[in-house]
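Visitor: Got a minute to walk me through this one?
Guide: Sure, here it is.

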Amino acid sequence: LAPQLMLNGNLGERSQFSYGASAAEGDGGGAATINGGWRGGYGAAALSYGRGPGFSQSSVGLAGTVVAHPGGITLGQLAGDTLAIVHAEGARGASVLNMAGARIDRGGYALVPYLTPYNLNTIQLDPKGLPLDVELESSGAQVAPHAGAVVMVVIKTRSGRTAFVRLHQAGGGLVPFGTGLVDAGDRSLGVVGQSGLALVRGLADH
């Protein structure tokens, strides 16, 4: 048997990069191929190159999906016939869990392809990468689409300034640990931590 060698794998925090290489020795000489791929929020790209006795070949490929909807036009990875459009206002940069490279775009939308029809599909966002002044009110949602459906999934967000503050009572003492903080409209802003410190989200400009 002719000796052969193969290597492949994935790179990136969410395995969005792939690579591969192979080499084989035959009667006419050796042949080798290399390939690489990338899956991002707006599509996927792949390239390969191979060379052997009397031949060489190369290829480059781009693939993706374009969907027009009431909120505009959203680009995404290759999609099957059942998919979701996720809308999270102001959450640009948040990634879609279990979808390599898929992130909320500047318009607040992302495509989630290959939903399973007539089953409960869970769609979740990872808040890592969110702007500091935007908070997810829920991390995800569940949908059970019919075959061929394009469903809109809205994940509520809350915008406002974020700040670390040290809070004192009127008498000069620190506000106790675990005290809940609300604004004038009784909306929760956070909880006091140790030494009177709190990470407060959703503050008004003044």
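Guide: We'll start with the sheet and then turn to the surface.

Guide: This is a predicted model, where local features need pLDDT of at least 70, side-chain atom pairs count only at pLDDT 80 or more, and totals for chains, interfaces and linings use all residues. Residues are numbered from 1 along each chain as its sequence is written, and side-chain values use heavy atoms, with hydrogens and water left out.

Visitor: In what order do the strands sit in the sheet?
Guide: The open sheet has five strands ordered S1-S2-S3-S4-S5, with antiparallel pairing. Strands are DSSP E runs of at least two residues, numbered from the N terminus, and two of them pair if DSSP finds at least two bridges between them.

Visitor: Which strands stand at the edges?
Guide: S1 (4–11) and S5 do; each has a single partner strand, so one side of each lacks a neighbour in the sheet.

Visitor: How many bridges join S4 to S5?
Guide: Nine, between residues 43–52 of S4 and 55–63 of S5. Leu47 is opposite Val60 in S5. Two residues separate S4 and S5 in this hairpin, and Gly54 in the turn has a positive phi of about 80°.

Visitor: Switching to Trp38: which strand is that in?
Guide: Trp38 belongs to S3 (residues 29–40).

Visitor: And why does Trp38 count as partly exposed?
Guide: Because its relative accessibility is 36%; buried means under 20%, exposed over 50%, and partly exposed is in between (1.4 Å probe, protein chains only).

How values were computed. Helices (H or I, at least four residues) and strands (E, at least two) are DSSP runs, numbered from the N terminus.
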